[in-house]
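Q: I have a new protein chain to look at, and I would like to learn how to read it step by step. Could you walk me through it?

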Amino acid sequence: MNANTEEPAKDEQQPGAGPAPRVLTDDELSRLLSDQQFGVLSFVRRSGHPHLSTVLYDWHPVERVLRISATANRLKVRRLRNAPRAALHVHGPDVFSFAVAEGDAEVSEETTVPGDATGRELLAMTPGFEDKEEEAAFLEQVVADRRVVIRIRVSRLYGTSLDVPAAQS
C-alpha cells in the first residue's frame, strides 16, 4: 500500500487483478491429454466421498476413450463396475492449466490366458516390444497380475489455462 493513500502500490498483486483463466478448446484439451501420461482418476465411494487415484492412462482422441490398466481386486475396479461414472484430471505443462475428462466407465473382463482380448488391449497400451519373448513375458505377467482395462468413454472435456506473462526482471 502507498503510505499516503488507501490504494495498493502499483506492483502489488491484488486478488482478481491478473488475467482471467482462458477456457481451452476441445483440440487443446485433447492435446493436453495426449501430452501427459499420468492423471488423477476420480470416482465416488460407496460412502459418497470422492476417491482419487493417480493412474497411468492411454488417450485415444478419435474414439474419445481413456484406457487405464488396473488389477481386478482394486477398489476403483469394484466401484466402477457398480457406479460407472468417472473423471480424470490431468495437469498441463505448468501449474496454471489443466484438463478434465468425464464419462461413463466400463471394466473389461480379467485377462486369464496370455494373448486373450484383454491381454492384447493391455499390450496395445504399451510402447511395444521388439523381442517376442519380452512380449510373451508381458502377456504372462498381466495374467498373473489379474489385469483388466478400465475404459472411460469421454462425454465431456473441460479445462482452463491461466496465461500469465513472464516475470519482468
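A: Gladly! Let us begin with contacts: among those in the protein chain between residues at least 6 apart in sequence, 66% join residues at least 24 apart. Please keep in mind that this is a predicted model.

Q: How many helices and strands does the protein chain have, and in what order do they run?
A: The chain has four helices and eight strands. Starting at the N terminus, the order is β-α-β-β-β-α-β-β-α-α-β-β.

Q: What share of the 169 residues is buried?
A: Buried residues account for 36% of the chain's 169 residues. A residue is called buried when its relative accessible area is under 20%, and exposed when that area is over 50%.

Q: Which residues of helix H2 are buried, and what do they pack against?
A: Helix H2 covers residues 75-82, and its buried residues are Lys76, Val77, Arg79 and Leu80. These buried residues pack against strands E2 (38-44), E3, E4, E5 (85-91), E6 and E7 (147-158).

Q: Let us try a residue in a strand. Is serine 53 buried or exposed, and what does it touch?
A: Serine 53 sits in strand E3, which spans residues 50-60. Its relative accessibility is 14%, so it counts as buried. Leaving out residues up to four places away in sequence, serine 53 touches Gly39, Val40, Leu41 and Lys76. Lys76 is one of the buried residues of H2.

Q: And where does serine 108 lie?
A: Serine 108 is in the loop between strand E6 (98-107) and helix H3 (117-124). With a relative accessibility of 5%, serine 108 counts as buried. Setting aside neighbours within four places in sequence, its contacts are Arg81, Thr118, Val148, Val149 and Arg151.

Q: Which backbone atom lies 2.8 Å from a polar atom of the serine 108 side chain?
A: That atom is the backbone nitrogen of valine 149. Valine 149 also appears in the list of residues in contact with serine 108.

Q: Threonine 118 was in that list too. Where does it lie, and what does it touch?
A: Threonine 118 belongs to helix H3. It counts as buried because its relative accessibility is 8%. Not counting residues up to four places away in sequence, threonine 118 touches Ser108, Glu109, Thr111, Arg147, Val148 and Val149. You can also look at C-alpha separations: threonine 118 and leucine 139 are 21 residues apart along the chain, and their C-alpha atoms are separated by 9.7 Å.

Q: Is alanine 144 buried or exposed?
A: Alanine 144, in helix H4, counts as exposed, with 57% relative accessibility. Its C-alpha atom and that of threonine 112 are separated by 8.2 Å, with their places 32 residues apart along the chain.

Q: How many aromatic pairs does a search of the whole structure find?
A: The search finds one. It joins phenylalanine 129 and phenylalanine 138, whose ring centres are 5.4 Å apart; their planes meet at 40°, so the pair is tilted. Planes under 30 degrees apart would count as stacked, and over 60 as edge-to-face. Phenylalanine 129 counts as partly exposed at 29% relative accessibility, whereas phenylalanine 138 counts as buried at 18%.

Q: What should I know about phi angles?
A: Most residues other than glycine have a negative phi. Arginine 64 has a positive phi, near 60°. This residue is in the loop between E3 and E4 and is partly exposed, with a relative accessible area of 24%. Arginine 146 also has a positive phi near 60°. Arginine 146 lies in the loop between H4 and E7 and is partly exposed, at 39%.

Q: How can one look for empty space?
A: Rolling a probe the size of a water molecule over the atoms shows where empty space is left. In this structure, the largest pocket has a volume of about 450 Å³.

Q: Which residues lie nearest the centre of the largest pocket, and what makes up its lining?
A: The lining has 21 residues, and Leu56, Tyr57, Ser69, Met125 and Thr126 lie nearest the centre. By class, 12 of the lining residues are nonpolar, six are polar and three are charged. At least two residues each come from helix H1 (26-35), E3, strand E4 (65-71), H3 and helix H4 (132-144). E3 gives the largest share, five residues.

Notes:
Residues are numbered from 1 along each chain as its sequence is written. This is a predicted model: local features need pLDDT of at least 70, side-chain atom pairs count only at pLDDT 80 or more; totals for chains, interfaces and linings use all residues. Side-chain values use heavy atoms; hydrogens and water are left out. Rings of Phe, Tyr and Trp (its six-membered ring) pair if their centres lie within 6.5 Å; planes under 30 degrees apart count as stacked, over 60 as edge-to-face and the rest as tilted. Buried means under 20% relative accessible area, exposed over 50%, partly exposed in between (1.4 Å probe, protein chains only). A polar contact is a pair of N or O atoms within 3.5 Å; within protein, one must be able to donate a hydrogen and the other to accept it, and residues adjacent in sequence count only if both atoms are side-chain atoms. Contact means heavy atoms within 4.5 Å. On a 1 Å grid over the protein atoms alone, a cavity is a set of points where a 1.4 Å probe fits but cannot get out, and a pocket is an open set with protein on both sides within 12 Å along at least five of seven lines; lining residues have an atom within 4 Å of a point. Grid points are joined across faces, edges and corners, and a volume is the space filled by probe spheres set on the points. Ala, Val, Leu, Ile, Met, Phe, Trp, Tyr, Cys and Pro count as nonpolar, Asp, Glu, Lys and Arg as charged, and the others, Gly among them, as polar.
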